[in-house]
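Here's a set of back-and-forth questions for someone who likes to ask what the words really stand for. Have a look at the structure, then read on.

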Amino acid sequence: MNTLKPQKPKIARSRFAIILAASAAAACFLAGEPARTADVPFGPGNPFYAQSTLPFQAPPFDKIKDSDYQPAIEAGMAEQRKEIEAIANNPAAPTFENTLVAMEKSGRLLDRAMNTFGAVSQANLDAALQKVKDIEAPKLAAHEDAIFLNSRLFRRVAAIYNQRGSLKLDAESQRLLDFYYKKFVHAGANLSDADKTRLKKLNEEDSTLSNTFTTKLLAATKDGAYASMDEGPLAGLSQEQLAAASQAAKDRKQKGYVIPLQNTTQQPDLSFLSNRSTRQKLFENSWNRAEHGGADDTRATISRLAQLRAEKARLLGFPNFAAWELEDQMAKTPETALKFMNALVPGATAKANSEAKDIQALIDEQKGGFQLQPWDWNFYSEEIRKKKYDFDEAQVETYLELDDVLENGVFYAANQLYGLTFKERKDIPLYNPDVRVFEVFDADGKPLALWYGDYFKRDNKNGGAWMDNFVARSKLLGTLPVVYNVANFTKPAPGQPALLSFDDVTGMFHEFGHALHGMFANTEYPSLAGTAVARDFVEFPSQFNEHWASYPAVFNHYAKNYKTGAPMPAVLAAKIKKSETFNQGYALTELVAAAELDMQWHTLGADAPLQNPDTFEKAALEKTHLALSYVPPRYRSSYFAHIWSEGYDAGYYAYLWSEMLDDDAFQWFEDHGGLTRANGDRFRQMVLSRGNTEDLPKMYAAWLGAEPSIEPMLKYRGLAPAGASK
Ligand SMILES: [Zn+2]
């Protein structure tokens, strides 16, 4: 029942890495500069000046104005810079307390301002906030560098690290020391001055080329749109889709119809276009978008990016870039990640080949007279899906009303598993009237957290769905979690119910899984709390929580007709469940192919010559047995933005890795009685409450009693029957 939607997870960031935008490298040069003072003076009149006096230190949105953010962020950086300088220059010998604990306590003002700013600038943006974001993003990146490239600070951390055997630190403190030391070293703190200079140059080139890639790809994707003067070639599209294509043409001041490209290889309209040559044209536009040899061709850019990343890894003492990137991940090495992906290939491709046979049979039955090509897949697959599993979305949604799903589904599952109860609070100020706030109580009745739900689409909200903190849990700082979930569901007319698709419902459970990870955090140090974990672990609690959406005892508790309260008819519920494993051979193969491409590019050694992306890609797919003519990778190298410009370099496998963990974990629940308090409490105690306080593979193995296995993942995707061969 996995709805794996590869996208950048928008979840809690590191305490020091604030806005994702600007590159670390370009920022180094700003590190020493004093903060430019903002126009508005910062003082006690600013709502971020002191800790919030609201329950749980919730942000005082009734007092916060747009003009308050910038002065608070600037003052927050200046304050933390002072705090860090004081730690680095402390005349006393370095101790865990006067260095690491002091670092954890630093930056309170900046956290208050940035946690709130991060929320509103993503979910309630306006021109004033956009301006603040543009100005502050590079300064915040520079701020982080000023901390992690501070050599005096690093010397203190290293001195403590070198005495770690004799310090008698508790396990979490030991982990914090390890975390900071490795973070400094990872960033190059141990290099000679000459090598540091070389590293900065490479980082700078990386960020410049990433930017170049983004700019080229944006133009290439725009130019790759399919255009037609008349409706004829667009047969098969619905009136709504045609209207959208006509609007897209108008927006570009063109006549006729335009189908803009999405970032993936396959395009949504390919499921409906009945004219085969239109399909081929649209597909080829997508596939070749960045390979036309002109100014927007990205191939030279990515070849050099792969090469310079390998050089950077060599400088830092690693055989390749992936080895450097994966050092602090759960998988730890590219070999482990590759072994995992390779193990998925036979099951995924066998299923894809059998799906291809079904499609070819349908083509032949209709006397198509051609061999299946990638541009045919979605069209015929949609026909098969309709025959086998079609259900009326409009009928389904009458059983999926937002408040019911939230209170009788999402909250109910959390109650059954963890004993949580929820009470809506109307006295907490909000940044938008659509937002709802609930106080969350633990099984013993004690207040646990504050949770905000902001579910409706607005024009000033980013697309997608995400979770983050207003306040992170920390015993050291005496804070309880204040977390929020954001989504983009259609807002109903006043007085009408908000009806959801089953995908929306799964999305709600997903984001609430992140929220539970944040709310159950029971850690001393904010840097190790809740969702502040490795990239290949962070989607595990959220994807795990998705499983409860279709778990019968939960599903039957919320899926009721919003008018009559009648349960969803069993036939309809069964169709939803069955449709989840449809086309999974294709879906998994295209994902593994993209993940393999990423890993092959990033395991090139520094001595390897510049690669020709086309021959490299072809060889990489053949070598990994993923060269299926009708299943292209989800992203081609030349438009794979995740790995060249969005921070998922050597990290695309993380989506699949997290899926292995969540399916494996859910299988454990199924084997141990399913939805019970005992199971939930054990999972909370051994995993969800621990954040990043332990070595992740050890934490996982201690909970499961074994290493994670890929069989449940194959089973839930419908690729291998339960109990099939290893
Ligand atoms: Zn997520």
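**Why do we call it that?**

His510 and His514 sit four residues apart in helix α17 (residues 502-519), so about one helical turn separates them. Keep in mind that this is a predicted model.

Q: What makes His510, His514 and Glu539 donors of the zinc ion?
A: A donor has to be an N, O or S atom within 2.8 Å of the metal. Here the zinc ion is coordinated by NE2 of His510, NE2 of His514 and an OE atom of Glu539, at 2.1 Å. Those are N and O atoms inside the cut-off, so they count as donors.

Q: How are the donors of the zinc ion spaced along the chain?
A: They follow the pattern H-x3-H-x24-E.

Q: Why is the crossing of α2 and α4 called left-handed?
A: The label goes to a crossing where the near helix is turned anticlockwise from the far one by less than a right angle. The crossing of α2 and α4 gets that label. As for the packing, helix α2 (residues 66-88) and helix α4 (residues 108-123) meet at an angle of about 145°, and their axes are 7 Å apart.

Q: Which residues make the contact between α2 and α4?
A: On the α2 side they include Tyr69, Ala72 and Ile73, and on the α4 side they include Leu109, Leu110 and Phe117. Sorted by class, this contact has eleven nonpolar, three polar and two charged residues.

Q: What makes a space a cavity, and how many cavities of 30 Å³ or more are there?
A: A 1.4 Å probe has to fit inside but be unable to get out. By that rule the count is two cavities of 30 Å³ or more. The largest has a volume of about 50 Å³, and the second largest about 30 Å³.

Q: What lines the two cavities?
A: Around the largest cavity you'll find, among others, Ser303, Gln307, Leu604 and Pro609. Its lining splits into seven nonpolar, four polar and no charged residues. The second largest cavity is lined by Phe148, Leu149, Asn150, Ser151, Phe154, Ala189 and Lys196. That lining divides into four nonpolar, two polar and one charged.

Q: Which helices help line the second largest pocket?
A: α13 (334-365), α24 (653-671) and α26 (696-704) each supply at least two residues of the lining. The largest share, four residues, comes from α13. This pocket has a volume of about 380 Å³. Of its 14 lining residues, Lys339, Phe340, Trp657, Met660 and Pro708 lie nearest its centre. By class, the lining has nine nonpolar, two polar and three charged residues.

Definitions and conventions
Residues numbered from 1 in each chain as written. Predicted model: local features only at pLDDT ≥ 70, side-chain atom pairs only at ≥ 80, totals over all residues. Heavy atoms only, no water. 1 Å grid on protein atoms, 1.4 Å probe; cavity = no way out; pocket = protein on both sides within 12 Å on 5 of 7 lines; lining within 4 Å. Points joined across faces, edges and corners; volume = space filled by probe spheres on them. Nonpolar A, V, L, I, M, F, W, Y, C, P; charged D, E, K, R; others polar. Axes fitted to C-alpha atoms, helices over the stretch in contact; angles between N-to-C directions. Contact = heavy atoms within 4.5 Å. Donors = N, O, S within 2.8 Å, 3.2 Å for Na, K, Ca; no water.
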